[in-house]
Amino acid sequence: MLLVEKKAPLLVQTMIAGLLAASLLLLAFTVHQSGASGGLAAVLALAAVTITVLLLRMPGENRTVAGIPDREAEVRLLQEQALQAELQALKAQIQPHFLFNALNRVNASLPAEQEAARELIAQLADTFRYALNSTRTDLVPLGQELSFLRDYLQIEQHRFSSRLHVEIDAAPSVQGMRIPPMLLQPLVENAVKHGIGPCIDGGAITIRCARHNNKLRCTVSDTGAGFCGPLDQIMLGSGVGLRNTALRLEKLYNTPLQVERNSGGGLQFMFDIPIQP
C-alpha cells in the first residue's frame with residue numbers, strides 16, 4: 001500500500017504531462033492544417049515540451065522511495081518522447097501550399113515558347129503533391145503510384161536526356177490493386193542514382209507489376225553500374241531508402257525485399273505482397 005501511495009504522485013504527474021503535451025501538439029497540428037503561421041504551430045509544440053519538463057521537475061516529497069523503478073530513467077524517456085514530438089511538430093511547419101503556389105507563379109511567368117519548362121514544373125508540383133498526400137493514407141491504387149513514378153522519371157529524363165530509358169509494365173487489371181504509398185519510389189530512386197547515374201552511357205530502368213501466385217509481384221530493375229559487394233550487404237549503406245522499404249515490407253507483410261544481379265549488368269529488386277483490391 002505504501003509503495004502505491006508513494007508512486008502515485010509520479011504517475012499523476014506523468015499523466016498530466018502527457019495530456020497537456022498531447023493537447024498542445026494536437027492544437028499545433030490543427031493550426032498548421034488551417035494554414036495559419038507555421039511559427040505559431042512551433043510555439044505550441046515547444047510549449048508542450050516545456051510544460052512536460054517543468055511538470056516532471058516539480059518538487060515532490062514522496063518521489064525517492066526504495067524499491068521504485070529508476071525515476072530518472074522514466075524522466076529521460078518522457079523527455080525523449082517529448083523531444084521527438086517537438087521535432088515532428090517542427091517538421092509540420094513546412095507549408096506545402098506555399099511551395100505549390102510558388103511553382104504555379106513560376107510556371108505562369110514563363111513565356112509560351114518555354115512549354116517544356118512549364119511541363120517540367122507542373123510534373124514537379126505533381127510529385128510534391130503526391131508525396132505530401134501519401135503521408136495521409138495507408139494504401140493507394142497501384143495506378144496512382146505508377147503515375148507518380150512516371151512523373152518522377154520524366155523529370156529525371158530531362159536531366160539524363162537520352163542516357164535514361166524507362167519502361168513501366170503493368171496491366172490494367174492490376175492497377176486498381178492497393179499498395180502502401182511511396183513503396184516503389186526508393187527502389188526507383190536507387191536505380192537512378194546508383195545504377196544509371198555512374199554510367200557514362202546511361203541505361204534503362206524497368207518497373208513491372210503483375211499477378212504471381214495470387215499475389216502482386218513488383219519488380220524494379222536497371223542495367224546500370226550494379227553493386228560490387230556481397231548483395232546481403234547492400235542494405236547496410238549510408239542511404240535509408242532501401243532499408244526503409246525492406247523494413248516496411250517486413251513489418252506490413254512479413255515478406256522480404258529480394259535483390260539479384262541482372263545478367264547484363266545492374267540490379268533487380270523484387271517483392272510479393274497480398275492482393276488488396
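Let me start at one pair of residues, where Arg261 stands opposite Leu267 in strand 7. Please keep in mind throughout that what we have here is a predicted model. The pairing belongs to strand 6, residues 258-261, and strand 7, residues 267-274, which run antiparallel and are joined by 4 bridges. These two strands form a hairpin with 5 residues between them, and in the turn you will find Gly265, whose phi is positive at about 110°.

From the hairpin we can move out to the sheet. It is an open sheet of 5 strands with mixed pairing, and the order of the strands is 2-4-5-7-6. Strand 2, residues 164-170, and strand 6 stand at the edges with a single partner strand each, so one side of each has no neighbour in the sheet. Going from one strand to the next, the twist averages 15°.

At the strand 2 edge, the partner is strand 4, residues 203-212, and here the pairing is parallel, over 7 bridges. Within this part of the sheet, Asp169 stands opposite Arg208 in strand 4. Helix 6, residues 142-160, packs on the sheet and touches strand 2, strand 4 and strand 5, the last of these being residues 215-222; the direction of helix 6 makes about 170° with that of strand 2.

Now to helix 7, which lies across strand 2, strand 4, strand 5 and strand 7, and which runs at about 155° to strand 4. How do helix 7 and helix 8 lie relative to each other? Their axes come within 9 Å and cross at roughly 150°, and, because an angle over 145 degrees counts as roughly antiparallel, the two helices are roughly antiparallel to each other. The crossing in which helix 7 passes helix 8 is left-handed. On the helix 7 side the contact is made by Pro186, Leu187 and Asn190, while helix 8 brings Gly241, Leu242 and Thr245. Sorted by character, the residues of this contact divide into 3 nonpolar, 3 polar and no charged.

I would like to finish with one residue of that contact, Asn190, found in helix 7, residues 185-196. Is Asn190 buried or exposed? Its relative accessible area is 14%, and because the cut-off for buried is under 20%, Asn190 counts as buried. Leaving aside residues up to four places away in sequence, Asn190 touches Gly195, Leu242 and Phe269. Of these, Leu242 is among the residues that helix 8 brings to the contact with helix 7.

Conventions:
Residues are numbered from 1 along each chain as its sequence is written. This is a predicted model: local features need pLDDT of at least 70, side-chain atom pairs count only at pLDDT 80 or more; totals for chains, interfaces and linings use all residues. Side-chain values use heavy atoms; hydrogens and water are left out. Buried means under 20% relative accessible area, exposed over 50%, partly exposed in between (1.4 Å probe, protein chains only). Contact means heavy atoms within 4.5 Å. Two strands pair if DSSP finds at least two bridges between them. Axes are lines fitted to C-alpha atoms, for helices over the stretch in contact, and angles run from 0 to 180 degrees between N-to-C directions. Angles under 35 degrees count as roughly parallel, over 145 as roughly antiparallel, 65 to 115 as roughly perpendicular and the rest as oblique. A crossing is left-handed if the near helix is turned anticlockwise from the far one by less than a right angle, and right-handed if clockwise. Ala, Val, Leu, Ile, Met, Phe, Trp, Tyr, Cys and Pro count as nonpolar, Asp, Glu, Lys and Arg as charged, and the others, Gly among them, as polar.
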